[in-house]
Amino acid sequence: MFIRKMGVINITPDSFSDGNQYNKHQSFADKFREIQTWAQIIDIGAESTAPFNDAVVDTEELKRFEQVFFPFLESNPDPEIYISIDSYKLETFRIVFEKIKTHWPKTKVVFNDVSGKLEDELLAFLNQNPEIVYVFCHNLCPDRVSTGRHMDYVSKVSPNQFLVSIVDYFKKGLERLKDLDNEIWIDPCFGFSKTRKQNHFLISHFKSFLLQIPYEISCVVGLSRKSFLRVPKDADIKTPQGLVNVEQVHSNILFYLFRSPLKRELIVRTHDPAPIDNAQNSLNFFEV
């Protein structure tokens, strides 16, 4: 198993995990530089897609990039890393992509498209810009506008049928994307359009899921600070101890995944490197 780290910065006022912490220029700059010390990819989001938050219009999302990320982009040298833009709005991504390409030409840009919608407009845009890495996400909402309401579109099937359906979802999507020259990653999007039980089932059968996806396709795993990892399920994740407990479960799941003999790449999306480090440290005990 090959591991790359994706560090998260939310430039939002309402994200559960770090809302209102990095939406000022200096706090963003400090966080960006800190993540650079441990991650190969930095994922920036300007809108929370948690179901309890309201969607924001295109102009508001773009304004957050303009106020926080663009000044940093214009005043710092090209870091020559991967920058992932977490958005479901194609026009927002297009503008941010052009800005990055102008100021940081050696940085690779990733479109972390949480909508999961593969319309002709998107495919044409990717075809014109083969240097973009595209993340195809699992989201059952009917269109991009509905992306934030993903929990309104949960498939009510048995766990086994759910696993079959998510594999089928990715196979059909990858078939549509196969003629592009872009690098394609997938993300099962834990928490999106899934019940707590379905999230748990997918985690426990994740190796089976990966075996049914072409090995050359990198897979993003985003379990950081997810509320469905609470045990018991009514534990308060917003307390310091509650968050510690969730991240301990996160570490244990990563350890389970890292022990897999599958020769493929996982991209672990996380707010903090500790769960990855803990999993890798535990793994070292079995390699002595």
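This tour moves through a predicted model, from one strand to its neighbours, then to a helix and the nonpolar cores.

Begin by selecting strand S8, residues 265–270. Six of its six residues are buried, so S8 is largely enclosed by the rest of the structure. With side chains shown, Glu 265, Ile 267 and Arg 269 point one way from the strand, while Leu 266, Val 268 and Thr 270 point the other way.

Next, add strand S1, residues 2–10, which runs parallel to S8 and is joined to it by six bridges; here Lys 5 stands opposite Val 268. Then add strand S7, residues 218–221, which also pairs with S8 in the parallel sense, over three bridges, and in which Val 221 stands opposite Val 268.

Now bring in helix H8, residues 240–258, whose 19 residues reach 27 Å from the first C-alpha to the last, close to the 27 Å expected. Together, S7, H8 and S8 make a right-handed β-α-β unit. Among the buried residues of H8 are Val 246, His 250, Leu 254 and Phe 258, and the buried residues of this helix pack against S1, S7 and S8 as well as helices H6, H7 and H9.

Finally, turn to the largest nonpolar core, which has 76 residues and in which Phe 69, Ile 83, Phe 206 and Phe 209 have the most contacts. Its largest share, eight residues, comes from helix H5, residues 159–177. Select Phe 69 and, leaving aside neighbours within four places in sequence, look for its contacts, including Phe 28, Ile 83 and Trp 104. A second, separate core of 13 residues includes Met 6, Tyr 88, Val 114 and Cys 189.

Terms used:
Residues are numbered from 1 along each chain as its sequence is written. This is a predicted model: local features need pLDDT of at least 70, side-chain atom pairs count only at pLDDT 80 or more; totals for chains, interfaces and linings use all residues. Side-chain values use heavy atoms; hydrogens and water are left out. Helices (H or I, at least four residues) and strands (E, at least two) are DSSP runs, numbered from the N terminus. The expected span of a helix is 1.5 Å times one less than its number of residues. Buried means under 20% relative accessible area, exposed over 50%, partly exposed in between (1.4 Å probe, protein chains only). Contact means heavy atoms within 4.5 Å. A nonpolar core is a set of buried Ala, Val, Leu, Ile, Met, Phe, Trp, Tyr and Cys residues joined through side-chain atoms within 4.5 Å. Two strands pair if DSSP finds at least two bridges between them. A crossover is right-handed if, with the strands pointing away from the viewer, the path from the first strand over the helix to the second runs clockwise.
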